Amino acid sequence: MTNLGYTPEEAIAAIATPLSPGAIGIVRTSGKGCIQLVANVFSRPKALVTAGANSLVYGWLLDGASKIDEVMVGVYKSPKSFTGEEMVEIYCHGGVSVVKAVLSLLLKNGFRQAERGEFTFRAYINGKTDLTRAEAVKEIIDSKTDVSRGRAAGRLAGNLFSEIDSIKKLIVDTLASIEVGIEYPEDEENISDTFDDSSLHEAIKRLSVLKDSWKSEKLYQDGARLVLCGKTNAGKSSLFNSLLKEDRAIVSDIEGTTRDFLESWVDFEGIPARLFDTAGLRSTQDKIEAAGVELTKDLSNDADIILYLADSTRGFEKDDLDFIKSRRDTPLVLVWNKCDDALSKPLPQNEDGLWREAVCISAKKGMGIANLVKVVKDILVNLGGKDSGLQAGLGSERQKKAVAEALERVEHSLFVAGEGYSLDAVVQDLEDSLDALGEITGEVTPDDVLASIFSNFCVGK
């Protein structure tokens, strides 16, 4: 594991909370002898060294005769700690300078600065976690909605590991039965008759469900890209503010107010989305506004869904229709705004199937917004593939590739059995499938894969 830059058991330290003012800051340590190293700069060294596991000790951190901060120190002993090693966590006051001073004190007194993901890596190599749970730690940190956090928490709790382990058992049991066929090959006329393949069919079914789950899980992790488009004064900025539940965009009756785009993350019933408010579509001699119009068109080209706003008091005009026709390849929702106005006109007929859905709203008054959110969510869920309904889902592209490889190997094992190849060929395919599944949990994982996973963590994890 030397290519990761980690040295197991070496005493390491890192700041585990954001470097910003707060009530409490946490500096985390792990490694052989870390309790004694912290005791060397602690006002009550004996109390710390003799403290029981999972206990707190009050005192001061000292740099010689100088007091650094009044702290609580959490003591965790091997193997019952997050990393499986001795650990000490220092809970100090949350000022930036205080937290930095605590870390600096530790680095001057025997600790090394931890690398990215090194604490979680140590938990992995010490058998405290597997790779599915380790990756779920970062997923939780990066989650943008309660639903995405909940899905990641399921993987952290072990639901994906359990599903993989259950599928592996189906394959292992089949391999065991094949051993009998290898010992007595002359007893069967056909290779396919030498073992019961029902477990492999079940494994294929469950691997297929797992493979398909990635598209949906990726949507909840990475989110979608939604672009508000429409002519000037259609109400895009009002809708942007309404969806954000805050006044981010300037709202004005003056045409061309929005010249550049604004963006923000929005929660569409659990699905995170990057929402873009764009310049109004119209012909203009103003070079800056014209550049904004072109940028709107570029953003809409990369959208997962276009929310096209039309002013219901103006009605549906040729410019509206021309733009929508130019975006046939992108799912589009027609948002019929200002429906509360007495002059509003009825929704136009979707004769050519130019939009997926049409919704009547009043962006200023908030009317119809909940329905719009539901409509967008339903389209996104459909784009992300049908939810399997299983608790377990894949959490990364790496996992998806490994499941796809395992699925291909199991399917091929049935093919070669049906074609009359030797049982050794079937065994090889099934063993390869187990290796692929082992890469997901970390039983069989190259160092470069480990480096890729843990190097993306923050320093204190």
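Arg28 touches a varied set of residues, not counting those up to four places away in sequence: Ile12, Ala13, Ala14, Ala16, Phe82, Met87, Val88, Glu89, Phe119, Gly460 and Lys461. Keep in mind as you explore that this is a predicted model. Below, we look at Arg28 itself, then at helix 4, and then at a pair of helices.

**Arg28 and its surroundings**
- You will find Arg28 in strand 2, which covers residues 24–30.
- Arg28 counts as buried because its relative accessibility is 11%, and the cut-off for buried is under 20%.
- Glu89 is one of the residues that Arg28 touches, and the side chains of Arg28 and Glu89 make a polar contact at 3.0 Å.
- Phe119 is also among the residues touched by Arg28, and Phe119 is one of the buried residues of helix 4.

**Helix 4**
- Helix 4 spans residues 118–125, and 7 of its 8 residues are buried, so the rest of the structure largely encloses it.
- Those buried residues are Glu118, Phe119, Thr120, Phe121, Arg122, Ala123 and Tyr124.
- After helix 4 comes Gly127, which has a positive phi, near 75°.

**Helix 8 and helix 12**
- Two packed helices are described by the angle between their axes and the distance between the axes.
- For helix 8 (residues 198–222) and helix 12 (residues 369–383), the axes come within 9 Å and cross at roughly 135°.
- Helix 8 is therefore oblique to helix 12.
- Helix 8 contributes Lys215, Leu219 and Tyr220 to the contact, while helix 12 contributes Lys377, Leu380, Val381 and Leu383.
- Sorted by type, the residues of this contact are 5 nonpolar, no polar and 2 charged.

Methods:
Residues numbered from 1 in each chain as written. Predicted model: local features only at pLDDT ≥ 70, side-chain atom pairs only at ≥ 80, totals over all residues. Heavy atoms only, no water. Buried < 20%, exposed > 50% of the residue type's maximum accessible area, 1.4 Å probe, protein only. Helix = DSSP H or I, 4+ residues; strand = E, 2+ residues; numbered from the N terminus. Axes fitted to C-alpha atoms, helices over the stretch in contact; angles between N-to-C directions. Parallel < 35°, antiparallel > 145°, perpendicular 65-115°, else oblique. Contact = heavy atoms within 4.5 Å. Nonpolar A, V, L, I, M, F, W, Y, C, P; charged D, E, K, R; others polar. Polar contact = N/O pair within 3.5 Å; in protein donor to acceptor, adjacent residues only side chain to side chain.
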